[in-house]
Amino acid sequence: MKIDGREVDHKTLEHLRMTAVRRVIEDGETPSVVMDSMGLCRTTIYPWLRKFEDGGWEALAAKVAEGPEPRLSV
């Protein structure tokens, strides 16, 4: 059974991202094996790996979405 990441809270998803990337980068496992063992879609890990390459572990941390700038001024 595959896990839908939209149903997981932000901290748990951050942990999944970091664990998956660590297993590929440090342990040398293939992305498809890692994602299959976590019950996630195989292609999900590739953006995580790119973010890690561009910004390190901080890039994988959960962030608060800021949303659009308000159109009305007070």
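Reader: Let's start at the tail: is Ser73 buried or exposed?
Author: Keep in mind that this is a predicted model. Ser73 sits in the segment after α3. Its relative accessible area comes to 73%, and the cut-off for that class is over 50%. Therefore Ser73 counts as exposed.

Reader: How far is Ser73 from Arg22, C-alpha to C-alpha?
Author: Along the chain, Ser73 and Arg22 are 51 residues apart. In space, the gap between their C-alpha atoms is 45 Å.

Reader: What does the protein chain have in the way of helices and strands, and in what order do the elements run?
Author: The chain has three helices and zero strands. Reading from the N terminus, the order is α-α-α.

Reader: Is the chain spread out or compact, and what is its radius of gyration?
Author: Take the chain of three helices and zero strands. For 74 residues the globule rule gives 11 Å, and this chain is well over that, so it is more spread out than a compact globule. The C-alpha atoms fill a box of roughly 55 × 30 × 20 Å along the principal axes. As for the radius of gyration, the value is 15 Å.

Reader: What percentage of the 74 residues is buried?
Author: Buried here means under 20% relative accessible area. Out of the 74 residues in the chain, the buried share is 27%.

Reader: And what share of the contacts with a separation of 6 or more comes from residues 24 or more positions apart?
Author: Start with the chain's contacts that have a separation of 6 or more. Among these, the pairs 24 or more positions apart account for 54%.

Reader: At what angle do α1 and α2 pack?
Author: Helix α1 covers residues 10-25 and helix α2 covers residues 31-38. Their axes lie 9 Å apart, and α1 passes α2 in a right-handed crossing. The packing angle is about 145°.

Reader: Which residues of α2 meet α1?
Author: From the α1 side come Leu16, Thr19, Ala20, Arg23 and Val24. The contact divides into seven nonpolar residues, two polar and one charged. On the α2 side, the partners are Pro31, Val34, Met35, Ser37 and Met38.

Reader: Which residues of α2 are buried?
Author: An α-helix has 3.6 residues a turn, so residues three or four places apart point the same way. The buried residues of α2 pack against α1 and α3. They are Pro31, Val34, Met35 and Met38.

Reader: Within what arc do those buried residues of α2 fall?
Author: The residues in question are Pro31, Val34, Met35 and Met38. They line one face of the helix, because, seen down the axis of α2, they fall within an arc of 90°.

Reader: What phi does Gly39 take?
Author: Gly39 comes right after α2. Its phi is positive, near 75°.

Reader: What about helix α3, which residues there are buried?
Author: This helix spans residues 45-55, and its buried residues pack against α1 and α2. Those buried residues are Ile45, Trp48, Leu49 and Phe52.

Reader: Within what arc do the buried residues of α3 fall?
Author: The four names to look at are Ile45, Trp48, Leu49 and Phe52. They line one face of α3, because the view down the axis puts them within an arc of 100°.

Reader: Which residue takes a positive phi just after α3?
Author: Look at the spot just after α3. The phi there is about 70°, and the residue is Gly56.

Reader: Which residues does Glu29 touch?
Author: Glu29 lies in the loop between α1 and α2, and it is partly exposed, with a relative accessible area of 26%. Leave out residues up to four places away in sequence. Glu29 then touches Arg23, Val24 and Val34.

Reader: Last one: which residues are in contact with Met18?
Author: Met18 is found in α1. With a relative accessible area of 18%, under the 20% cut-off, Met18 is buried. Setting aside neighbours within four places in sequence, its contacts are Trp57, Leu60 and Ala61.

Technical notes: Residues are numbered from 1 along each chain as its sequence is written. This is a predicted model: local features need pLDDT of at least 70, side-chain atom pairs count only at pLDDT 80 or more; totals for chains, interfaces and linings use all residues. Side-chain values use heavy atoms; hydrogens and water are left out. Axes are lines fitted to C-alpha atoms, for helices over the stretch in contact, and angles run from 0 to 180 degrees between N-to-C directions. Helices (H or I, at least four residues) and strands (E, at least two) are DSSP runs, numbered from the N terminus. A crossing is left-handed if the near helix is turned anticlockwise from the far one by less than a right angle, and right-handed if clockwise. Contact means heavy atoms within 4.5 Å. Ala, Val, Leu, Ile, Met, Phe, Trp, Tyr, Cys and Pro count as nonpolar, Asp, Glu, Lys and Arg as charged, and the others, Gly among them, as polar. Buried means under 20% relative accessible area, exposed over 50%, partly exposed in between (1.4 Å probe, protein chains only). The arc is that of the directions from the helix axis to the C-beta atoms. The radius of gyration is taken over C-alpha atoms; the globule rule is 2.2 Å times the number of residues to the power 0.38.
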